[in-house]
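Student: I would like to learn how to read a model such as this one, feature by feature. Could we begin with the overall layout and then work towards individual side chains?

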Amino acid sequence: MKKILLAFFILPFLALNFAFAANLLPYKNQKPRHYLQFDLSRSFSRGIEHDQTFFSAEYNFDFTPFLGFAAIQIEENILNAAFRTQWIPLTFQTDRGEWRLGGASSYRLQKYSCYYDEHDFIFESAARWNSKKNFSIAGRLGYSWRLTFFPDIPDFHLCEGDIVFKNEFCKVWNFGLEIFAALGSYSDFRHTLFFCPQMQAGVAYNFDEHLRLAAQVEWGTTDFLASVIYVSYTLVKFNVRFSF
């Protein structure tokens with residue numbers, strides 16, 4: 001089963017098979033784009049987490065082929081911070097759109113007051129398909145290393161590794177409506193095991209090139225290979241994004 005799932009999630013990274021009939025083009029110089037986003041979220045948990053409302057802020061930097069991301073989220077007794085860089089230097093043009101290929105690296109800190117400090121380091125391959133009809137599919141597949149330290153036990157720490165993946169889908173219409181979804185083993189502030197995927201779906205409206213409003217729902221599961229999939233939490237999020 002694990003091999004079957006790996007084969008499914010690696011499909012976005014097989015773009016090179018289609019590149020034999022495509023043209024490899026260099027990136028053109030462009031003006032950098034900056035995105036600042038503020039989120040209001042409400043979580044509903046069926047596990048050890050607490051139902052709560054919290055805020056987060058994100059910053060994105062787009063200077064293709066380089067992409068940068070930084071975010072912070074403050075919950076009750078928990079501080080989360082996430083950083084990601086992505087380098088996609090290869091572009092393959094086809095009659096229906098373009099493929100972009102590269103790699104990504106991420107770091108996430110989760111600091112639970114008086115209990116533990118968790119550090120996640122992720123290295124991934126990255127691929128993206130942009131169609132000429134404003135539809136895109138993006139995928140990342142890689143490996144993560146987690147280090148966990150406990151303040152009350154200075155000489156003890158945990159070190160874990162696992163496969164990670166993230167697939168994202170987006171469709172935008174010319175009048176501003178946007179529908180998006182994602183399936184992955186982790187999200188920006190939640191990193192779980194490979195077989196405990198998280199799903200997201202949402203809708204947004206772009207008023208112009210500088211303002212975007214969105215609402216989304218996120219679900220987290222446990223023990224994905226069990227006969228009954230258990231939803232451990234639900235997260236409802238509203239956000240506003242400014243670009244400049």
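Student: In what order do the elements of the protein chain run from the N terminus on?

Tutor: Please keep in mind that this is a predicted model. From the N terminus on, the order is α-β-β-β-β-β-β-β-β-β-β-β-β-β, which amounts to one helix and 13 strands. Of the 244 residues in the protein chain, 42% count as buried, and the chain exposes about 13900 Å², with carbon and sulfur atoms supplying 66% of that area.

Student: How should I read the side chains along a strand, for instance which residues of strand 10 point to one face and are buried?

Tutor: The general idea is that in a regular strand the side chains alternate between the two faces of the sheet. Strand 10, covering residues 177-184, has Glu178, Phe180, Ala182 and Gly184 pointing to one face, where they are buried, whereas Leu177, Ile179, Ala181 and Leu183 point to the other face and are not buried.

Student: And which strands are joined to strand 10 by bridges?

Tutor: Strand 9 (residues 153-172) runs antiparallel to strand 10 and is joined to it by seven bridges, with Lys171 having Ile179 as its bridge partner in strand 10. Strand 11 (residues 198-208) is also antiparallel to strand 10, here with eight bridges, and the partner of Ala182 in strand 11 is Gln200. In the hairpin of strand 9 and strand 10, four residues lie between the strands, and Gly176 takes a positive phi near 115 degrees.

Student: Which residues make the nonpolar surface patch?

Tutor: Trp173, Phe175, Ile179, Val203, Tyr205, Phe207 and Leu213 make this patch, which is about 660 Å², and strand 11 contributes the largest share, three residues. Phe175 is placed in the loop between strand 9 and strand 10, and Phe175 counts as exposed because its relative accessibility is 53%, the cut-off being over 50%.

Student: Turning to charges, how many salt bridges does the structure hold, and which residue meets Arg212 in one of them?

Tutor: Side chains of opposite charge can pair when their charged atoms come close. The structure holds ten salt bridges, and in one of them Arg212 meets Glu178 at 3.2 Å, N to O. This pair links distant parts of the chain, Arg212 being in strand 12 (residues 211-222) and Glu178 in strand 10, 34 residues apart. Both Arg212 and Glu178 are buried.

Student: What about Lys111 and Asp117: is each of them buried, exposed or partly exposed?

Tutor: Their side chains meet in a salt bridge at 3.1 Å, N to O. Lys111 is partly exposed, with a relative accessible area of 40%, whereas Asp117 counts as buried because its relative accessibility is 17%, the cut-off being under 20%.

Student: Which residues are linked with Arg146 in a network of salt bridges?

Tutor: The network links Arg108, Glu118, Asp120 and Arg146. Arg146 lies in strand 8, which spans residues 135-150, and Arg146 counts as buried because its relative accessibility is 16%. The side chain of Arg146 also makes a polar contact of 2.8 Å with the side chain of Asp120. Leaving aside neighbours within four places in sequence, Arg146 is in contact with residues including His119, Leu158, Cys159, Glu160, His191 and Thr192.

Conventions: Residues are numbered from 1 along each chain as its sequence is written. This is a predicted model: local features need pLDDT of at least 70, side-chain atom pairs count only at pLDDT 80 or more; totals for chains, interfaces and linings use all residues. Side-chain values use heavy atoms; hydrogens and water are left out. Helices (H or I, at least four residues) and strands (E, at least two) are DSSP runs, numbered from the N terminus. Buried means under 20% relative accessible area, exposed over 50%, partly exposed in between (1.4 Å probe, protein chains only). A polar contact is a pair of N or O atoms within 3.5 Å; within protein, one must be able to donate a hydrogen and the other to accept it, and residues adjacent in sequence count only if both atoms are side-chain atoms. Contact means heavy atoms within 4.5 Å. Two strands pair if DSSP finds at least two bridges between them. Patches are made of residues with over 30% relative accessible area and no salt bridge: like charges are joined within 9 Å, nonpolar side chains (Val, Leu, Ile, Met, Phe, Trp, Tyr) within 5 Å. Accessible areas come from the Shrake-Rupley method with a 1.4 Å probe; for residues, only the protein chains shown count as cover. A salt bridge is a side-chain nitrogen of Lys or Arg within 4 Å of a carboxyl oxygen of Asp or Glu.
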